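User: I'm new to this one and would like a close look at a single part of it. Could you walk me through one strand and then show me what surrounds it?

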Amino acid sequence: MASMLFRNVYINDESSIIGPYEDNGELNIRNALSDFYDNEKTFEDAEIKMQKSVLENLLYKNNLNPQDIDILVGGDLMNQITATSYNMKNFSIPFLGIYSACASFVESIIITANMLDTRFFKRGIAITSSHNLTSEKQFRFPVEYGALKPKRSTFTATGSVGALITNKESRIKIESATIGKVVDYGIKDVFNMGAVMTPAAARTIVEHLKDLKRDINYYDLVLTGDLGEVGTKLLKEYLLINNNIKLKNHLDAGCLVYNEEQPVFSGASGPVALPLILFNKILKVKKYKKILVVGTGSLHSPVMCNQKNTIPAIAHAISLEVM
Amino acid sequence: MNKEQYQKLVKKHTPKENRLINSITAFVFGGLFGVLAEALMQILRKVFDLTILDATTWMMIIFIFLACLLTALGVFDKLVTFFKSSIIIPITGFAHSVTSAALDYKQDGLIQGIGSNCFKMAGSVILYGVISAFILVIIGVLIYG
């Protein structure tokens with residue numbers, strides 16, 4: 001069984017920062033970068049700085065010192081999860097670095113929540129970040145290179161989000177979680193991440209419902225990570241054909257970050273897209289009580305893709321109860 | 001659902017690219033840039049009294065310089081979204097690929113960074129350009145002696 005129930009783990013607070021494109025888009029957050037460098041020399045340094053400011057802000061808002069945090073779990077898109085590791089050298093906090101691409105944030109919440117549920121730990125933080133240009137450089141072409149992008153491609157969001165998780169009761173309860181399995185449906189197209197991740201998302205949703213004996217309508221909202229417009233259509237049809245599940249209350253974070261005029265094709269991607277939308281849009285409207293959050297990650301490596309391999313994907317889910 | 005069925009579903013929901021419009025744009029603007037280059041060459045010949053060979057070289061140098069400058073200013077990639085392949089296929093595209101790769105690695109140092117990475121994308125153009133030129137010359141010699 002891949003699912004687990006938590007007794008009392010809560011998300012107490014969060015802190016977000018966004019990049020210039022997101023600031024011009026649908027999000028409205030006080031902390032936003034005016035350019036991709038943010039007064040640093042490289043894009044990599046800018047991403048580390050974003051994460052640092054998120055973590056400092058989260059500690060400051062809650063009157064905490066780094067010594068008060070028992071565990072921090074986090075990851076990002078860079079090779080060797082550089083942004084998170086280099087950020088964590090500034091803080092004396094026990095740290096676990098993880099990678100599951102754009103599902104990293106949900107994975108870090110699952111790990112942190114599990115540790116807190118044992119009650120050995122009191123406070124944990126889950127953190128993630130992504131930067132459009134560090135990932136363009138690593139996964140695609142040089143930053144200034146004018147590669148023509150197809151309509152099915154997605155646009156990596158810039159930003160960082162951290163969440164403080166404790167046993168102290170708050171508005172947002174982490175109720176249960178499902179750990180995903182790696183799924184590969186033979187897609188080789190590196191531009192079509194929505195198609196790569198859809199089967200993984202579907203499988204995790206189906207297993208979550210089966211394990212916890214729930215119906216899809218139990219949830220007021222199913223929020224997927226970064227399937228984009230292509231993946232959203234695919235997921236609905238896939239679930240209907242394959243599992244006879246009618247997905248009605250569904251939103252995809254990737255489709256909600258940017259406005260229609262921005263040249264982002266199928267939507268936003270990156271581990272930060274999901275928590276940005278979850279904390280700054282979905283949880284702010286107070287409309288949804290039971291939310292299934294499905295983080296989707298495409299586990300592709302440029303090396304394996306160049307060697308003509310297919311792209312595997314993973315999806316992790318957490319269920320939130322909002323009071 | 002097996003892999004084949006899924007791939008059919010993916011095909012159904014993947015938006016189609018406007019290949020025809022893109023090709024026409026590239027064709028028209030590519031042609032216009034050709035006309036522009038020819039005009040520049042004629043001007044160079046008239047004004048500076050150059051031979052055709054010299055005027056061609058100067059015209060290419062000017063186009064390469066412009067492509068590099070626009071890349072460094074961050075404008076070239078935006079132009080590509082409008083002009084499509086018309087500015088990627090000619091020598092401007094080659095200059096652009098070298099400059100953009102060099103810009104990406106300028107912080108990694110002169111040797112490990114710019115030196116080993118600036119031909120990251122242009123490298124294949126050079127390699128296969130040389131190989132195909134070599135093969136064509138051999139064929140030319142065999143046929144025409």
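User: Let's take β2(A): which residue in β3(A) is the bridge partner of A:Leu72?

Analyst: That partner is A:Phe95. Before going on, keep in mind that this is a predicted model.

Now for the strand itself. β2 of chain A covers residues 71-76, and six of its six residues are buried. Its side chains split into two sets: A:Ile71, A:Val73 and A:Gly75 point one way, while A:Leu72, A:Gly74 and A:Asp76 point the other way. Whichever way they point, all of them are buried.

β2(A) also has strands to pair with. One is β3(A), residues 95-97, which runs parallel to β2(A) and is joined to it by three bridges. Another is β4(A), residues 123-130, again in the parallel sense, this time over six bridges. If you want a spot to click on there, try A:Gly75, whose bridge partner in β4(A) is A:Thr128.

Stepping back from the strand, have a look at the nonpolar cores. The largest one has 99 residues, and those with the most contacts inside it are A:Ile109, A:Ile165, A:Val257, A:Leu276 and A:Val293. Helix α6 of chain A, residues 193-211, gives the most to this core, with nine residues. Domain 1 (3-166) and domain 2 (172-322) of chain A both contribute residues, so the core lies between them. For a closer view, pick A:Ile109: leaving aside residues up to four places away in sequence, it touches A:Ala126, A:Ala163, A:Ile165, A:Ile174 and A:Ile318. There's a second, separate core too, with 12 residues, including B:Leu70, B:Phe83, B:Ala95 and B:Cys118.

That brings us to chain B. This chain has seven helices and zero strands. Its radius of gyration is 20 Å, well over the 15 Å that the globule rule gives for 145 residues, so chain B is more spread out than a compact globule. Its C-alpha trace spans about 70 × 50 × 35 Å along the principal axes, and 21% of its residues count as buried.

And where do the chains meet? There, 26 residues of chain B are in contact with 25 residues of chain A. On the chain B side, the elements giving two or more residues are α1 (3-13), α4 (76-83) and α5 (91-104). By class, that side is a mix of 11 nonpolar, 10 polar and five charged residues.

How values were computed. Residues numbered from 1 in each chain as written. Chains lettered and ligands numbered in written order. Predicted model: local features only at pLDDT ≥ 70, side-chain atom pairs only at ≥ 80, totals over all residues. Core = buried A, V, L, I, M, F, W, Y, C linked by C-beta atoms within 7 Å. Buried ≥ 20, exposed ≤ 12 C-beta atoms within 10 Å, placed from the backbone. Helix = DSSP H or I, 4+ residues; strand = E, 2+ residues; numbered from the N terminus. Domains from an automatic or database assignment. Contact = placed C-beta atoms within 7 Å. Nonpolar A, V, L, I, M, F, W, Y, C, P; charged D, E, K, R; others polar. Rg over C-alpha atoms; globule rule 2.2 N^0.38 Å. Pairing = 2+ DSSP bridges.
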